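Grab a coffee and work through these exercises on the chain below. Each task comes with a solution to check yourself against.

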Amino acid sequence: MRYPIIEISKEMISHCKKAIPSVQVHRTKTSPFDTLGGLLGELAFAEWYMGDWRNHDIYNTRGRADFFGEIEIKTSIFPFSNRLNLLVREDYANKRKPKFYIQIIISIENRYKRDIDPGTKAILSGFASSDQIDKAPLRDFGSKFGNSGGYKCRYIPIKNLELMSKFKSAYNKSNEKL
């Protein structure tokens, strides 16, 4: 399977909704819905990588990469397409250098839907290293409200990301170099 899929449970959604007031970032116009999606992306990765989403503390990642201080999860809530992009804000890419970025798409049927239901699929779309992000082109993708976003993002199309089936090996190799 090219893209591993984790089914989002009612328990995962409830756990994340409780955390939103404690973890929501206000640097941009992120909504509680966007925060919910980001947290669910982290739990989907934890379920895939660690075997149980409950092993990940969503309350303890502010100011650092989401997993082990080395893996950053980027989540989009959108109908899945391999024409979507892994986006990393230019300011974030310049400031922080996690070893890897993982793109997760929470695949909703309608892009205007503002709810994530139990049974929704979180699709682990691929990964890139910080070096790959640093070499990626820059573009202003605009805002969700239809105008300029006011910032540029480094982007890599999902179809060009590394396969998740290679992630564990790549991550282990990156730690052997130390």
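**Exercise 1.** Work out how much surface the chain exposes and what share carbon and sulfur atoms supply.

Solution. The chain exposes about 9,800 Å² (Shrake-Rupley, 1.4 Å probe), and 48% of that comes from carbon and sulfur atoms. Next, burial: 44% of the 178 residues are buried, meaning under 20% relative accessible area with a 1.4 Å probe, protein chains only. Keep in mind that this is a predicted model, where local features need pLDDT of at least 70 and side-chain atom pairs pLDDT 80 or more, while totals for chains, interfaces and linings use all residues. Numbering runs from 1 along each chain as its sequence is written, and side-chain values use heavy atoms, without hydrogens and water.

**Exercise 2.** Lay out the secondary structure in sequence order.

Solution. Start with the tally: 5 helices and 7 strands, taken as DSSP runs (H or I, at least four residues; E, at least two) numbered from the N terminus. Then read along the sequence to get β-α-α-β-β-α-β-β-α-β-β-α.

**Exercise 3.** Find which element supplies the largest share of the largest nonpolar core.

Solution. A nonpolar core joins buried Ala, Val, Leu, Ile, Met, Phe, Trp, Tyr and Cys through side-chain atoms within 4.5 Å. The largest one has 36 residues, with Leu40, Phe45, Ile102, Ile116 and Phe167 making the most contacts inside it. Elements giving at least two residues each include α1 (10-23), β4 (100-107) and α5 (167-176). The winner is α2, with 10 residues. A second, separate core has 15 residues, among them Leu84 and Ala128.

Definitions and conventions. Buried means under 20% relative accessible area, exposed over 50%, partly exposed in between (1.4 Å probe, protein chains only).
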